[in-house]
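Colleague: I would like to go through the labels used for this model and hear the reason behind each one.

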Amino acid sequence: MKTINLSFPLTEEVRKEIAVPQVLAMGQFDGLHLGHVSVIESAVKLSREQGIQAAVLTFHPHPKEVMRKGDYQGYLTPLRDKEEILEKMGIDVLYVIEFNESFSSLLPEQFVTEFLIQSEVKVAVVGFDFRFGHKGAGDENKLRELGMPHMNVVTIPPLTLDGKKVSSTSIRSVLHEGDVKEAQRMLGRRYSLRGTVIDGEKRGRTIGFPTANVEPSESYVVPRKGVYAVWVMHRNQKFPGVMNIGVKPTFHKDRIKPSFEVHLLDYSGDLYGQELTVELVEFLRPEQRFPSIDELIAQIQRDSETAKQILENRS
């Protein structure tokens, strides 16, 4: 898969590069949840039937981050993660438009004529709630009207689970509740965070539970503070573990920024500077303050045993 970064106005050189007959799925696609997957899979299927390129158009940074509106609190699927998933789905080209205040003022008519038609988009595939152009003035019907006769528009209906629409907002909500199993159900995969192991307080090794202090590589949505059973990916290997997300109240009273500390159950070695990907499997308990170190150690032992039992059946 090829990634092409775009910024408006497009240069003549870029216009020539992207002028390829294609089926284009459009959206923010934060989370790449099952609803988004239905849009993208439809685009791939249509492109194969027509023998033309399968492409995805997304925006970065997140529009809510730039415009400082709505409930933006980090990414469910940062751009690097998004690229990896889309490549596995069979996408040929990913267009990443730089979303800034200038682009946000683009009229629907300008977006269609200056990008979609000139890019030789034959079919645009969008979700039922797709909006584009200044203040979201364009919808699927406006897109269809402006694209005629050069471009067809296919609208994918909402995907529901148990009668509830799958959305990035609902996934954020369940993550904030610690319900990572429901998040997994809506995402179609486990929620994960990627980051680099950095120096921490090194307190874990003194109590018999060495931990890797993971600094997230992106601004991820932070799940509920607490302890989780996790799988940890490192250099194409997978290790069971326990992760604490929080401020370690047993040792700190005024800390606000959460840390991400992982204890790998079947690993010994130096992980400093290494990149880890952590999949959240199940929420074990809220973070809590213990009156003594011995009580904390006893609880960590119980957490480790619980996680081990859970992960034995949840590869």
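Modeller: To begin with a helix contact, Pro108, Glu109, Val112 and Leu116 in α6 meet Lys142, Leu143, Leu146 and Gly147 in α7. The model is a predicted one.

Colleague: What makes the contact of α6 with α7 nonpolar, polar or charged, residue by residue?

Modeller: The residues of this contact divide into five nonpolar, one polar and two charged. Glu and Lys count as charged and Gly as polar, and the contact includes Glu109 of α6 as well as Lys142 and Gly147 of α7.

Colleague: Why are α6 and α7 called oblique to each other?

Modeller: The axes of α6 and α7 (residues 140–147) cross at roughly 50 degrees and come within 10 Å. Angles under 35 degrees count as roughly parallel and 65 to 115 as roughly perpendicular. The angle of roughly 50 degrees fits neither class, and the pair is therefore oblique. As for handedness, the crossing of α6 past α7 is right-handed.

Colleague: How do you know that α8 is roughly antiparallel to α9?

Modeller: Helix α8 (residues 168–176) packs against helix α9 (residues 180–187) at about 160 degrees, and the axes are 8 Å apart. The label roughly antiparallel follows because angles over 145 degrees receive it. The crossing of α8 past α9 is left-handed.

Colleague: Which residues make that contact?

Modeller: From α8 come Ser170, Ile171, Val174 and Leu175, and from α9 come Val180, Glu182, Ala183, Met186 and Leu187. By class, the contact of α8 with α9 has seven nonpolar residues, one polar and one charged.

Colleague: What is the strand order in the open sheet, and what is the sense of its pairing?

Modeller: The order is β1-β4-β3-β2-β5-β6, six strands in all, and the pairing is parallel. β1 (2–6) and β6 (152–156) are at the edges, because each has a single partner strand and so one side without a neighbour in the sheet. From one strand to the next the twist averages 25 degrees.

Colleague: How do you know that β3 and β4 pair?

Modeller: Pairing needs at least two bridges, and β3 (residues 53–60) and β4 (residues 93–98) have six, in the parallel sense. Histidine 60 has glutamate 98 of β4 opposite.

Colleague: Where do helices α4 and α6 lie on this sheet?

Modeller: Helix α4 (residues 79–88) lies across β1, β3 and β4 and runs at about 160 degrees to β4. Helix α6 (residues 108–116) touches β1, β2 (22–26), β3, β4 and β5 (121–127), and its direction makes about 145 degrees with that of β2.

Colleague: In what order do the six strands of the barrel close?

Modeller: The barrel order is β9-β10-β13-β12-β11-β14, with antiparallel pairing. On average, neighbouring strands of this sheet are turned by 45 degrees against each other, direction ignored.

Colleague: What makes β10 and β13 a pair?

Modeller: Strand β10 (residues 212–216) and strand β13 (residues 259–264) have two bridges in the antiparallel sense, and at least two are required. Asparagine 213 stands opposite glutamate 261 in β13. On the same sheet packs α9, which touches β11 (226–234) and β14 (275–286) and makes about 130 degrees with the direction of β14.

Colleague: The structure holds twelve aromatic pairs. Why is the one of phenylalanine 8 and phenylalanine 103 called tilted?

Modeller: The ring centres of phenylalanine 8 and phenylalanine 103 are 5.2 Å apart and the planes make 50 degrees. Centres within 6.5 Å count as a pair, planes under 30 degrees apart as stacked and over 60 as edge-to-face, so what remains is tilted. The pair links distant parts of the chain, 95 residues apart: phenylalanine 8 is in the loop between β1 and α1 (12–18), and phenylalanine 103 is in helix α5 (residues 101–104).

Colleague: How do you know which peptide bonds to call cis?

Modeller: From phenylalanine 8 to proline 9 the bond has omega near 0 degrees and is cis; proline 9 lies in the loop between β1 and α1. The bond from histidine 60 to proline 61 is also cis, with omega near 0 degrees, and proline 61 is in the loop between β3 and α3 (63–67).

Colleague: What makes glutamate 120 worth listing?

Modeller: Its phi is positive, about 60 degrees, although glutamate 120 is not a glycine. Most residues other than glycine have a negative phi. Glutamate 120 is found in the loop between α6 and β5.

Notes. Residues numbered from 1 in each chain as written. Predicted model: local features only at pLDDT ≥ 70, side-chain atom pairs only at ≥ 80, totals over all residues. Heavy atoms only, no water. Axes fitted to C-alpha atoms, helices over the stretch in contact; angles between N-to-C directions. Helix = DSSP H or I, 4+ residues; strand = E, 2+ residues; numbered from the N terminus. Left-handed = near helix turned anticlockwise from the far one by under 90°. Contact = heavy atoms within 4.5 Å. Phe/Tyr/Trp six-rings, centres within 6.5 Å; stacked < 30°, edge-to-face > 60°.
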